[in-house]
Amino acid sequence: MEATSPGYYLTYLYTNCIGIKVNGFPCKDEANVTDADFFYSGIANPGVINNSVGSVATVANVEKISGLNTLGVSLARIDYASGGLNPPHTHPRATEIIFVLDGELDVGFITTSNKLISKSVKKGDVFVFPRGLVHFQKNNGDKSASVIAGFNSQLPGTQSIAATLFTSTPAVPDNVLTKTFQIGTKEVDKIKNKLAPKKT
């Protein structure tokens with residue numbers, strides 16, 4: 001079998017990584033590999049948006065597709081209601097590239113020099129967010145929007161800035177938050193209450 005053929009790669013991958021874990025996911029024995037390990041239909045339809053920010057991400061990463069283990073790629077579908085926001089966040093393990101399926105969005109990221117790089121994008125457009133940089137997407141249109149996002153990681157991770165700072169467990173000390181944002185304890189409590197996960 002030629003070293004460049006897909007069969008060679010899969011044989012190598014599943015023969016040589018037995019017992020190895022990458023990001024906590026074990027490789028499978030070649031004899032146990034099926035087409036189900038490489039398939040997922042979860043991003044075919046829009047996600048249900050039921051939150052205060054007006055967006056939802058449906059991921060297709062190694063947690064959903066076990067065959068992505070060690071391959072270094074993943075996808076997500078992000079859907080936005082009219083006025084919806086994918087709040088400022090980072091992906092610590094991946095660069096993100098989006099392709100706009102429907103609608104129009106204002107998107108941007110902040111460089112390490114504190115410069116905002118932003119653009120209005122519409123159906124068919126592509127925009128890139130460099131790895132680890134804070135970025136956002138906002139639907140300023142009067143109809144819904146959606147994108148497909150690609151990542152160069154099987155598990156890019158997502159850290160929402162507001163949720164990370166105000167809803168962590170254990171909590172970030174209030175005096176850190178009040179000094180960072182130059183606000184009082186009452187304002188910190190208000191933000192925490194608004195961002196707290198809804199009880200079911």
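UniProt, in an unreviewed entry, lists H89, H91, E96 and H135 under "binding site"; its positions are given here in the numbering of this model, with feature names shortened, and annotations may be inferred rather than shown by experiment. These four span 47 residues in sequence, yet no two of their C-alpha atoms are more than 11.6 Å apart, so they gather at one spot. Keep in mind that this is a predicted model, where local features need pLDDT of at least 70 and side-chain atom pairs count only at pLDDT 80 or more, while totals for chains, interfaces and linings use all residues. Residues are numbered from 1 along each chain as its sequence is written, and side-chain values use heavy atoms, with hydrogens and water left out.

The same entry type also gives a "binding site" set made up of N86, H91 and E96.

| Set in UniProt | Members in the lining of the largest pocket |
|---|---|
| H89, H91, E96 and H135 | H89, H91 and E96 |
| N86, H91 and E96 | N86, H91 and E96 |

Now to the pocket itself. A pocket is an open set of points on a 1 Å grid over the protein atoms alone, where a 1.4 Å probe fits, with protein on both sides within 12 Å along at least five of seven lines; lining residues have an atom within 4 Å of a point. The largest pocket holds about 940 Å³ of space, a volume being the space filled by probe spheres set on the points. Its lining has 35 residues, and N51, V53, N86, P87 and S160 lie nearest the centre. By class, 19 are nonpolar, 13 polar and 3 charged; Asp, Glu, Lys and Arg count as charged, Ala, Val, Leu, Ile, Met, Phe, Trp, Tyr, Cys and Pro as nonpolar, and the others as polar.

Where does the largest pocket lie? Domain 1 (37-157) and domain 2 (160-199) both give residues to its lining, so it lies between them; the domain bounds come from an automatic or database assignment. Both N86 and H89 lie in strand β5, a strand being a DSSP run of E with at least two residues.

Finally, the sheet. Five strands form an open, antiparallel sheet in the order β3-β4-β11-β6-β9, where strands pair if DSSP finds at least two bridges between them. The edges are β3 (55-60) and β9 (126-129), each with a single partner strand, so one side of each is left without a neighbour in the sheet. Within it, 7 bridges join β4 (residues 74-80) to β11 (residues 145-151), and R77 has I148 in β11 as its bridge partner.

Key:
Helix = DSSP H or I, 4+ residues; strand = E, 2+ residues; numbered from the N terminus.
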